[in-house]
Each structure stands twice: as C-alpha cells, then as structure tokens.
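Biologist: I would like a close look at one part of this model, taken slowly and with its surroundings included. Please keep to what can be read from the coordinates.

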Amino acid sequence: MLLPEKAEADRCAEEGKSVVADLKRVLAVHDISCFGKCSLTVALPIISAAGIETTVLPTAVLSTHTGGFEGFTYRDLTEDMMGIAQHWQGLDLHFDAIYSGYLGSFEQIDLVIELISRLKSDDTLVIVDPVMADHGELYGLFPADFPQGMARLCAVADVIIPNTTEAALLLGREWAAPPYTEQQVRELCGALTSELGAAAAVLTGVAFDEAHLGAASFEAASGKFALAGEALVPDMYHGTGDVFGSVLVAALVCGASLSAATEAAVRFTVACIQRSYEARTDNRYGVNFESGLAGLADLIEEAKTSA
C-alpha cells in the first residue's frame, strides 16, 4: 500500500506537477537602508530564513539609516508604490501576510492603507510596526500630528507592534519611563486594541526592573495577555525593533501563537544584541543577526509546538 504522501507524489508526477508545497508569502513594506542593518535589509533575510517567500515593496532608498549617520542620501519611492501594487494585482498574487514598518510621510500611510485594501485576502494577516518614536520622543523628521495618521493605519491591522513611546503617542497619552507594573502594561495593551481597533498588540520595551527587558502580547478576542523577557544587555543598537518584528511575523505566518511568537522574537533579538555587545560592534551598524539565522527555523518550530 502506498503512503498518502507517496500516492500524491506519483499522481503529481503523472500530471507533470511539482510536489513541492507552495511557500507562504509575506509582503514587507519598508525602506531600504543600504548600510546599517535595519528595515528591509533585516526583514528580507530573517523572514526568508524561516522558509517564507518574502516580497518587498521599498518606500525609499537611503545610503544609511538616519540614526547616528550624517550626510546620508535619500530617494523617495512614493510615486512607484501604487504602480507596483497594480502590477501585482494583475498577477493575482496572494499574500499570507502584509508587514509594514517605517513610513516617511502621511502620503505613504494612505498608500499603505490603500495597498492593504487592494492586496489583502480573507486569510491575509496584516502586521503594522508603527515606527516613529523611542525613548519618549517622536523622531525629529515627523510632524507632531504624525501619530494620528499612524493610528489610522493601525486600525486596519490584525497585529500592531509599538514600543512604549509609540503606544503612548498613538493613544494620545504622556509617556511614562520604565520600570512598569504588570497592571500598567496590561492596561496599555488593552487600550491599544480597544481604542485603535487592532485585533492584537505586541508591546515592546517592557521592563519591570533595571535588569530585564522584553515584550507583552495581548489578544482582544480572548483577552489573553502574556509576557516575555530576558536579561538586559547594557547597550543600545539600531535596528533591533526590525529584527524583533521580522521574527514575530515569521513565527506567526508559520503558525505560532501570538505569545509564543513574541517569546521567540525576544529570545532571537536578545541573542543578536548579546553577540554584538560581546564583539563591541559600533552601535550604528546594527546587530549580528546573521549568525543566528541557521537556528531560526528550529526556534520557530519550537514556538509552533509550545502551548
């Protein structure tokens, strides 16, 4: 008797069809910082290493990211974005997830909302990282009302990934510096879903003491709240939010629960930071995520099977 897999393989061979399962496909909408390991230069390799086909929609091309570098070049690609999406519509492409990150203008926010409406299927997961602020301050390139535009994008997302500063700005609140209480974090996560309209939130930059740092996840429908944390590495590196978000997206698309995906993203990101800290890497250059890619699939598989 043929096993089901062998029978299917023989049938496909007779019909001249491939027996290789279709890959999941993620659309990553970010800028390209050609040097500095953030945005698409992080999302593309990390999500691909998880065994997921990664389609990219660049919003801009920069010679370096803007954190700590001077004299960088910048080319805005806003005018190209809709034409790319329209071409994809003509190809009838299916995306298992759409993942947006840094957006440089209100126009790009509106474009991504339109792109989601055009390219999203009923089973497409929409993840928005509202990159715009950190350490209590809005990035200097953005006007004061930019969080209001980002809140509109968050409203069409299934999962949002703000840090604590971005969460406060999205909700129109004053930012409180860590450490936090669990009740503060739980309430903030609940507000992110109830007030913004996203189905779930993953809040980064969560610290209950000076020795640990992590993230919290919350699902509005079930009310499930979970925490994930690791020992704090005493340094700051650019691009870690993109590393975290990319692992989270990959784990979710592969079938992990939100809490397990958050745990995996925390573990992977902290390991990258630790390697870079021990190597005394220039903070502006980003973290050494490349050395962890070989084990990423196993980490995600572990997340899929965890409770």
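In which helix is the place of Phe268? Please go on from there to the surroundings of that residue.

Modeller: This is a predicted model, and what follows should be read with that in mind. The place of Phe268 is in helix 9, which covers residues 258-278. Phe268 has a relative accessible area of 6%, and because buried means under 20%, the residue counts as buried.

If neighbours within four places in sequence are left aside, the contacts of Phe268 are Ile46, Val243, Val247, Phe289, Gly292, Leu293, Leu296 and Leu299. Pro162, which is 106 residues away from Phe268 in sequence, lies 18 Å from Phe268 in space, taken from C-alpha to C-alpha.

One of the partners of Phe268, Ile46, can be followed further. Not counting residues up to four places away in sequence, Ile46 touches Val243, Ser246, Val247, Phe289, Leu293 and Leu296, as well as Phe268 itself.

Phe268 also takes part in the packing of two helices. Together with Ala260, Ala264 and Arg267, Phe268 is on the helix 9 side of a contact whose helix 10 side consists of Leu296, Leu299, Glu302 and Ala303. The residues of this contact divide into six nonpolar and two charged, with no polar ones. Helix 9 and helix 10, the latter made of residues 296-305, pack at an angle of about 150°, and their axes are 9 Å apart. Angles over 145 degrees count as roughly antiparallel, and the two helices are therefore roughly antiparallel to each other. The crossing of helix 9 and helix 10 is right-handed.

The wider setting is the largest nonpolar core, which has 47 residues, and among these Phe268 belongs to the group that touches the most other members, along with Val26, Ile46, Tyr99, Val202 and Leu296. The elements that give two or more residues to this core are strand 1 (25-33), strand 4 (97-100) and strand 9 (200-206), together with helix 2 (40-49), helix 8 (240-253), helix 9 and helix 10. Helix 9 supplies the largest share of the core, ten residues. A second core, separate from this one, has 45 residues, including Phe95, Ile98, Val206 and Ala216.

To bring the view back to its starting point, Phe268 is a buried residue of helix 9, with both Leu296 and Leu299 among its contacts, and these two leucines are also among the helix 10 residues that meet helix 9.

Key
Residues are numbered from 1 along each chain as its sequence is written. This is a predicted model: local features need pLDDT of at least 70, side-chain atom pairs count only at pLDDT 80 or more; totals for chains, interfaces and linings use all residues. Side-chain values use heavy atoms; hydrogens and water are left out. Axes are lines fitted to C-alpha atoms, for helices over the stretch in contact, and angles run from 0 to 180 degrees between N-to-C directions. Helices (H or I, at least four residues) and strands (E, at least two) are DSSP runs, numbered from the N terminus. Angles under 35 degrees count as roughly parallel, over 145 as roughly antiparallel, 65 to 115 as roughly perpendicular and the rest as oblique. A crossing is left-handed if the near helix is turned anticlockwise from the far one by less than a right angle, and right-handed if clockwise. Contact means heavy atoms within 4.5 Å. Ala, Val, Leu, Ile, Met, Phe, Trp, Tyr, Cys and Pro count as nonpolar, Asp, Glu, Lys and Arg as charged, and the others, Gly among them, as polar. A nonpolar core is a set of buried Ala, Val, Leu, Ile, Met, Phe, Trp, Tyr and Cys residues joined through side-chain atoms within 4.5 Å. Buried means under 20% relative accessible area, exposed over 50%, partly exposed in between (1.4 Å probe, protein chains only).
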